[in-house]
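Subject: Structure for you to look at

Hello,

Here is the structure I promised. Please open it alongside this message; my notes follow below.

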Amino acid sequence: MSFIHSIKFRFTVWYLIVLTLLISVLSVGVYFYLSHSLHRNLDRSLELRATQLQTIQGVMSSIAMGEFEEELGEVVLLYFSIKNSREITSISAQNVDVTLDSELVQRALHGEAFYTTITAAEGKELRFYVFPLPRSVPAFSPARPGILQTGTASIESAVIAVGRSTEDIDKSLAGLIRTLSIAGPFTLILAGAGGVFLAQRALKPVDKIARTAHQIGESDLSRRIPVQSRDELGRLASTLNQMIERLERAFKRQQQFTADASHELRSPLSVIQAESTLALNKERSPDEYKRSLEVISNESAHMAKVIDQLLMLARADSGRESLSFEEIDLGDLLASIAENTEILCKDKGIEFCSDLRDSILVSGDRAKLRELFLNLLDNAIRYSPDGGTISLTLRREEDMAVIDIADTGIGIPEKDIPHIFERFYRVDRARSREQAGAGLGLSICKYIAEVHGGRIEVKSELGKGSTFSVWLPLIDPLT
Ligand code: ADP
């Protein structure tokens, strides 16, 4: 997998995009905040200065004494109009070539105080606070020859503009831009490298999990992915392990099933082959042929039964077994089955009794339910010795119909009881083979009971007998 298509790459790219946005927003924010506070400080200092220059006499005498020149970087402009003259006179406290627009001077002469930024001749920017001086001043005696004629005049209104250069602010802001434009990309490069490193570290276990899972798929399902942490990746590993375990079990079941099925079919086939070879070997008597054909017929019937059962289980597994549900009176159905069973029991010298007085209605597939009860009764007959007893009873318990099939047969060992419903499971192959069972009957019974929404239970004691109980839900539990 190329780096470009990896999560590492996408993770790092997204991380860098987000970081670039954050750094940009932060830089712009810092720039504007700093610019705003520096300008505000400058304005405040200008306003503070203005409070010191509240009288025209004070200003005039400061100009005369050259005090303003001592204030580094400060520019003070004085504008006033003399009574009975429409002219506005201006005095600059320093020797700088900067003047206010007459429009601005007029605004201030009319009593407005404001800030303004003016570009001086050399392109330098100056920030001014322009404010009107109180009108109470009657006269003054200008003391700087060359600036104002000597004499006495009555001042009608005056305006002072105190200005300072914004050069320091511009330098600070330019410095900030320089710092940010170096630090930003540098941070991004470091963060990108860190991002790749972290992504690689974080995703290393994923690579390991993928590699191990791949090997497991290719080699054997008994291996497991090592779970090294309890975080999300640890959980992923244990989830995969659980899945592999289920697959392993299913795979083993499948293998076992195939092996059992072929074994179950191979044995009768071998008997048929051997019997027919023997019969064809030389001329035989009609009785010998008859006996051989009987053997072949029995084994073929066994094979046909096993194949039918396998087909049914395969259809059940794939969900293709079609069932036609209808209302069934269990009393009637069991009574008709009991008639046939009684005949079979008589043949074997087994006593058969049934108690089917109740008329109980269930919803079910008649053929399948018939197969279920026949299978259980067939087992009861097969595993009961001559002289035994088999009983068939129908009762209701709460909202279920319960059918008990009890025998006084050989019983089932306790250790085998949990397994008897498994496919091909036979308690003792020797005792079952001679009874011609393939170990599929009870798994089919369990399937039929469950597909009807019921269940099947067994109680058994070795040497004493077994009772199989089938529980089926009633159509209308209230009746
Ligand atoms: P099979 O066709 O071999 O009888 P089943 O699935 O019907 O297969 O039964 C599984 C096993 O359960 C049998 O091998 C048998 O030993 C045991 N079993 C079933 N029913 C009875 C019973 N009524 N009495 C004793 N053992 C039984």
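Start with the hairpin of β9 and β10: it has 2 residues between the strands, and Glu398 takes a positive phi near 50 degrees there. Keep in mind that this is a predicted model. The two strands, β9 (389-397) and β10 (400-407), run antiparallel and are joined by 8 bridges. Arg395 has Val402 in β10 as its bridge partner.

β10 has a second partner. It pairs with β12 (465-473), again in the antiparallel sense and over 8 bridges. In that pairing, Met400 stands opposite Pro473 of β12.

How much of β10 is buried? 8 of its 8 residues are, so to speak, under cover: the strand is mostly covered. Met400, Val402, Asp404 and Ala406 point one way. Ala401, Ile403, Ile405 and Asp407 point the other way. Both sets are buried, the two Asp residues included.

Now the whole sheet. It is open and has 5 strands, in the order β7-β9-β10-β12-β11, with mixed pairing. β7 (351-355) and β11 are the edge strands; each has a single partner strand, so one side of each lacks a neighbour in the sheet. On average, neighbouring strands are turned by 15 degrees against each other, direction ignored. The parallel sense appears between β7 and β9, which pair over 5 bridges. There, Phe352 stands opposite Ile390 in β9.

Helix α10 packs on this sheet and touches β11 and β12. Its direction makes about 140 degrees with that of β11. Why call α10 largely enclosed by the rest of the structure? Because 8 of its 11 residues (the helix spans 441-451) are buried, that is, under 20% relative accessible area. The buried ones are Gly441, Leu442, Ser443, Ile444, Cys445, Tyr447, Ile448 and Ala449. Their cover includes two helices, α6 (286-318) and α8 (366-382), along with strands β11 (455-461) and β12. After α10 comes Gly453, with a positive phi near 80 degrees.

The packing of α6 against α10 deserves a look. Their axes come within 11 Å and cross at roughly 35 degrees. The crossing is left-handed. From α6, Gln309, Met312, Leu313 and Ala316 take part. They meet Gly441, Ser443, Ile444, Tyr447 and Ile448 of α10. By class, this contact has 6 nonpolar and 3 polar residues, and no charged ones.

Last, the cores. The largest nonpolar core has 50 residues, and Leu330 and Phe373 have the most contacts inside it. At least two residues each come from α6, α7 (330-348), α8, β9, β10, α10, β11 and β12. α8 gives the most, with 7 residues.

Which residues does Phe373 touch, leaving aside its neighbours within four places in sequence? They are Leu330, Leu333, Leu334, Ile337, Ile403, Ile405, Val470 and Leu472. Ile403 and Ile405 belong to the set on β10 that also holds Ala401 and Asp407.

Apart from this core lies another, of 21 residues. Ala50, Met60, Phe131 and Ile169 are among them.

Best wishes

Note on methods:
Residues numbered from 1 in each chain as written. Predicted model: local features only at pLDDT ≥ 70, side-chain atom pairs only at ≥ 80, totals over all residues. Heavy atoms only, no water. Buried < 20%, exposed > 50% of the residue type's maximum accessible area, 1.4 Å probe, protein only. Helix = DSSP H or I, 4+ residues; strand = E, 2+ residues; numbered from the N terminus. Contact = heavy atoms within 4.5 Å. Core = buried A, V, L, I, M, F, W, Y, C linked by side-chain atoms within 4.5 Å. Axes fitted to C-alpha atoms, helices over the stretch in contact; angles between N-to-C directions. Left-handed = near helix turned anticlockwise from the far one by under 90°. Nonpolar A, V, L, I, M, F, W, Y, C, P; charged D, E, K, R; others polar. Pairing = 2+ DSSP bridges.
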